[in-house]
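Thanks for asking for a second pair of eyes on this one. Here is my note, as numbered points you can follow with the structure open beside you.

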Amino acid sequence: MEKKDIFPIAIGSYGLGASRSESWEDNKTELVIDEKEMQSIIYSYEKGQNYIDTSYIYAGGQTMKFISEFIKRVDRNKLFIAVKIENFIEKVEDIEEQLDKYLEILGIDYADSILLHTPKASKIPLKDSYNELKRLVSIGKSRYISASNLNIEQLKVIVEELNIDLFSFEGLYNLECKQNEDVGILDYCQKHNILFLNYQPFRRNRTANHNYPLLVELANKYNKTQNQILLNYYIYEKKLIPITKANKIEHIDLNLEALNFKMEKIDYDRLNEFRCKEFDALQVDWQDNGGISIYKFANQVE
């Protein structure tokens with residue numbers, strides 16, 4: 001599967017599966033599948049959504065077990081599965097060990113992409129971590145390398161110094177939080193053909209709950225929901241792939257309807273110009289040294 005084959009909306013996996021364990025290492029806890037939730041994710045797949053990522057830390061490890069069962073029920077070759085290396089890396093060998101656990105639990109022979117969830121996931125230097133990811137690709141354990149939550153300088157190191165052709169970058173972007181765009185990361189990804197997948201595109205529905213006059217106006221103008229306006233904006237104007245969790249079929253259909261219309265240029269321009277004063281008053285700690293990290297940023301304002 002190549003970049004052009006990725007569906008415009010990614011499947012969000014955060015929280016999938018009932019959390020019945022305290023740790024991803026607790027493999028004694030048997031997952032009880034919520035069949036309605038499972039059928040909803042299968043429905044997403046049948047509608048063409050083919051990018052899904054996962055992490056040990058989601059739902060105490062139960063999300064991985066849920067996705068493992070999902071993979072058994074669909075054609076694995078039609079899925080793009082990204083796995084996130086988490087905050088357990090003390091030495092370079094730990095990266096392969098963690099990837100091997102992913103593959104074992106998911107019941108797959110390879111990942112489509114592997115990435116550090118954040119640079120702080122590894123205590124070894126960033127270059128050493130990503131050189132190890134290159135090695136894992138070379139031996140067939142992953143097809144591609146991706147990245148997430150980097151600052152612009154770190155992103156340039158990976159692309160320009162390590163000569164890694166990143167498949168994708170998972171980062172924060174929504175109507176209220178445009179900090180990744182402000183520092184040039186969106187533009188850099190587009191110039192280097194790196195897919196930008198934006199998480200928290202709705203800010204867990206808090207954006208719509210604010211009922212910003214502009215969003216309300218556009219929703220009324222196009223006879224769409226505020227979230228459909230947002231998805232349409234991300235996909236057609238910003239050229240992003242939003243990651244959305246939808247575990248109800250009616251919500252999936254609503255999301256997919258966002259692909260079926262275009263807005264006037266003036267309306268995209270107005271969304272581009274929109275700024276949220278509450279978020280603009282905050283500062284991102286791009287070095288992740290104890291301030292507001294980019295992956296925590298969207299939760300700072302209700």
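1. Let me start with N149, which counts as buried at 8% relative accessibility. N149 lies in the loop between β6 (147-148) and α5. Its backbone deserves a look: N149 has a positive phi of about 60° although it is not a glycine. Most residues other than glycine have a negative phi. Please keep in mind throughout that this is a predicted model.

2. R204 belongs under a similar heading. Its phi is near 55°, again a positive value in a residue other than glycine. You will find R204 in the loop between β8 (195-199) and α8 (206-209).

3. Next, the aromatic rings. How many aromatic pairs does a search of the whole structure find? The count is 14. One of them joins Y45 and F70: the ring centres are 6.3 Å apart and the planes stand at 85°, so this pair is edge-to-face. Y45 sits in helix α1 and F70 in helix α2 (residues 62-73), so the pair ties together parts that are 25 residues apart in sequence. Are these two residues buried or exposed? Both Y45 and F70 are buried.

4. Y144 and F167 make another aromatic pair, this one tilted, with 4.7 Å from centre to centre and 35° between the planes. This pair links distant parts of the chain, 23 residues apart: Y144 is in strand β5 (residues 142-145), while F167 is in the loop between α5 (152-161) and β7 (168-172). The two partners differ in how they are covered. F167 is buried, with a relative accessible area of 1%, whereas Y144 counts as partly exposed at 22% relative accessibility. The cut-off for buried is under 20%, so Y144 at 22% does not meet it. If you zoom out a little, ring pairs link Y51, F80, Y144 and F167 into a cluster.

5. Two rings have a charge over them. The charged end of R76 sits over the ring of Y110, 4.2 Å from its centre. Likewise, the charged end of K262 sits over the ring of Y236, with 4.6 Å to the ring centre.

6. Helix α2, home of F70, is worth a point of its own. α2 has 12 residues and reaches 17 Å from its first C-alpha to its last, close to the 16 Å expected at 1.5 Å a residue. The helix is mostly covered, with nine of its 12 residues buried. Those buried residues are Q62, T63, M64, K65, F66, I67, S68, F70 and I71. What does the covering of them include? The elements include α1, β2 (51-54), β3 (80-85) and α3 (93-106).

7. Helix α11 (residues 249-257) comes next. Here I252, N255 and L256 are buried. Seen down the axis of α11, the buried residues fall within an arc of 95°, so they line one face of the helix. Their cover includes α1 (35-46), α10 (226-237) and β9 (241-244). Notice that α1 also helps to cover the buried residues of α2.

8. N227 is found in helix α10 and is buried, with a relative accessible area of 16%. Which side chain does the side chain of N227 meet in a polar contact? The partner is N205, at 2.8 Å. Leaving aside neighbours within four places in sequence, N227 is in contact with F202, N205 and A208.

9. K141 is a lysine to look at closely. Its place is in the loop between α4 (126-138) and β5, and at 19% relative accessibility K141 counts as buried. The side chain of K141 makes a polar contact with the side chain of D100 (2.8 Å). Not counting residues up to four places away in sequence, K141 touches E96, L99, D100, L103, Y110, A111 and L136. Y110 in that list is the residue whose ring has the charged end of R76 over it.

10. Finally, V32 lies in the loop between β1 (10-11) and α1. V32 is partly exposed, with a relative accessible area of 48%. For a sense of scale, the C-alpha atoms of V32 and L230 are separated by 34 Å, and these residues are 198 apart along the chain.

Key. Residues are numbered from 1 along each chain as its sequence is written. This is a predicted model: local features need pLDDT of at least 70, side-chain atom pairs count only at pLDDT 80 or more; totals for chains, interfaces and linings use all residues. Side-chain values use heavy atoms; hydrogens and water are left out. Buried means under 20% relative accessible area, exposed over 50%, partly exposed in between (1.4 Å probe, protein chains only). Helices (H or I, at least four residues) and strands (E, at least two) are DSSP runs, numbered from the N terminus. The arc is that of the directions from the helix axis to the C-beta atoms. Contact means heavy atoms within 4.5 Å. Rings of Phe, Tyr and Trp (its six-membered ring) pair if their centres lie within 6.5 Å; planes under 30 degrees apart count as stacked, over 60 as edge-to-face and the rest as tilted. A charge sits over a ring if NZ of Lys or CZ of Arg is within 6 Å of the ring centre and within 35 degrees of the ring normal. The expected span of a helix is 1.5 Å times one less than its number of residues. A polar contact is a pair of N or O atoms within 3.5 Å; within protein, one must be able to donate a hydrogen and the other to accept it, and residues adjacent in sequence count only if both atoms are side-chain atoms.
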